[in-house]
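Please read the points below with the sequence and the 3D view open beside you, and look up each residue as it is mentioned.

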Amino acid sequence: MKIVFTILCLISGSLLLAEVSVRDDTFIGGDKASKDRYNQQKYKIWGFEKYPKNKDFKGRMIVISNSKVSYCFWMPGKVKDGKWFAFLGMKGPSNANWYCNGFFKITSYKFDSTKAPFEVKDVAKGEVGAFTACWKDGGFEFETKFTLPDNAEQLLISTKVIAAPPKLKAYFVDMLCYPSSMAGGWRKGMKLRKRGALTPSRTVNIDQKGQELKLDKKENWCLFYDSYFDFGKSRGEGPCAFLYNPQETTRAIVRVTNYSCNAILAYPVKNPANIMLWDFHKMTNKQAMDYMKSLKVSDE
């Protein structure tokens, strides 16, 4: 049986599709032309005059925009022996939420995508904006396609195993976020944060002590939020969320702490990982909660 995620409030809309735009740029450390391009664009990573001088540095930024939202992907890393090793992060729509310096990674036995040679291919614009991230190392090969449709606010993420050692049984998708605000860090002000998670079945609010939740098959989405840094109280940037297909997974875990939150989804090697992601920039907690509760999920 195949799970079909029918999200009428997102997918339905005008039959006149507008082009989804994509801006793709690479910034090299110590390169004046790269620095000039960086200074002219919107999404800032470093403070004034803090542009990297190390010539081994290579950062790639891909911004996919439609009429509703812009997702800015930031891939900072270094080139070693002609190979690029990078993290896959998200700088926008929000500065908080999905982590700028690495929100998405794949792990398996002796494999970690943050430590494997990294490539980007098939950058495309049109009715959808998309690119494919590729990792290949030690007999492992993974590809993850990121797609933003026209007239939609959700990001589509699809991972597949291209190659793996013969006896390998599972791989893991790990997604990291800092809901609504990173204020306080681990310093003064951290006690103001009140992280929480909402699923179709339960609500979890924490203070200082974190919790780990094992999602059941009916909990096919999770919203991460902060009760103090609520945009409805003129604080924070808004929550974030993901939706996945429980029939593809063998286990799904959500970890909620007073600072970071993450989802760890386990998949058999034979199965793809199909995920939807949201950054509810400038949306109140209640609006985001109502939005997620309104999603229509059906079996076909």
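The numbered points that follow go through selected places in this structure, which is a predicted model.

1. A good place to begin is the nonpolar interior. The largest nonpolar core has 53 residues, and those that touch the most other members are Phe73, Trp135, Phe146, Met175, Phe224 and Phe242. Apart from this core there is a second, separate one of 15 residues, which includes Trp221, Ala241, Met276 and Met283.

2. Met175 shows what such a core member has around its side. Leaving out residues up to four places away in sequence, Met175 touches Trp98, Phe103, Phe104, Phe242, Cys261, Asn262, Ala263, Leu265, Ile275 and Leu277. One of these partners, Phe242, is itself listed with Met175 among the core residues that touch the most other members.

3. Is Thr144 buried or exposed? Thr144, which belongs to strand 12 (residues 140-149), has a relative accessible area of 0% and is therefore buried, since the limit for that word is under 20%. The side chain of Thr144 makes a polar contact with the side chain of Thr159, at 2.8 Å. When neighbours within four places in sequence are set aside, Thr144 is in contact with Phe104, Ile106, Phe131, Thr132, Ala133, Trp135, Ile157, Ser158 and Thr159.

4. Please do not assume that a loop residue must be exposed. Leu168 sits in the loop between strand 13 (155-163) and strand 14 (170-178), yet Leu168 counts as buried because its relative accessibility is 16%, and buried means under 20%. Beyond residues up to four places away in sequence, Leu168 touches Ser108, Tyr109, Phe140 and Val269. From Leu168 to Gln287 the separation is 119 residues in sequence and 42 Å in space, taken from C-alpha to C-alpha.

5. Lys270 makes a useful contrast with the previous point. This residue is in the loop between strand 21 (261-268) and strand 22 (273-279), and Lys270 is exposed because its relative accessible area is 74%, where exposed means over 50%. The C-alpha atoms of Lys270 and Tyr225 are separated by 33 Å, and the two residues are 45 apart along the chain.

6. Some backbone details deserve a careful look. Most residues other than glycine have a negative phi, and most peptide bonds are trans. Here, however, the peptide bond from Gly92 to Pro93 is cis, with omega near 20°, and Pro93 lies in the loop between strand 6 (89-92) and strand 7 (97-98). Asn97, in strand 7, has a positive phi of about 60° although it is not a glycine, and Lys110, in the loop between strand 8 (104-108) and strand 9 (111-112), also has a positive phi of about 60°. As for their surroundings, Asn97 is buried, with a relative accessible area of 1%, whereas Lys110 counts as exposed at 71%.

7. Which residues line the second largest pocket? They are Lys83, Trp84, Pro117, Phe118, Glu119, Lys121, Cys134, Trp135, Lys136 and Glu141, and two or more of the lining residues come from each of strand 5 (83-86), strand 10 (118-124) and strand 11 (128-137). By class, this lining has five nonpolar and five charged residues, with no polar ones, and the pocket holds about 160 Å³ of space. Trp135, which is named in this lining, also appears among the residues that touch the most other members of the largest nonpolar core.

Notes: Residues are numbered from 1 along each chain as its sequence is written. This is a predicted model: local features need pLDDT of at least 70, side-chain atom pairs count only at pLDDT 80 or more; totals for chains, interfaces and linings use all residues. Side-chain values use heavy atoms; hydrogens and water are left out. Helices (H or I, at least four residues) and strands (E, at least two) are DSSP runs, numbered from the N terminus. Buried means under 20% relative accessible area, exposed over 50%, partly exposed in between (1.4 Å probe, protein chains only). Contact means heavy atoms within 4.5 Å. A polar contact is a pair of N or O atoms within 3.5 Å; within protein, one must be able to donate a hydrogen and the other to accept it, and residues adjacent in sequence count only if both atoms are side-chain atoms. On a 1 Å grid over the protein atoms alone, a cavity is a set of points where a 1.4 Å probe fits but cannot get out, and a pocket is an open set with protein on both sides within 12 Å along at least five of seven lines; lining residues have an atom within 4 Å of a point. Grid points are joined across faces, edges and corners, and a volume is the space filled by probe spheres set on the points. Ala, Val, Leu, Ile, Met, Phe, Trp, Tyr, Cys and Pro count as nonpolar, Asp, Glu, Lys and Arg as charged, and the others, Gly among them, as polar. A nonpolar core is a set of buried Ala, Val, Leu, Ile, Met, Phe, Trp, Tyr and Cys residues joined through side-chain atoms within 4.5 Å.
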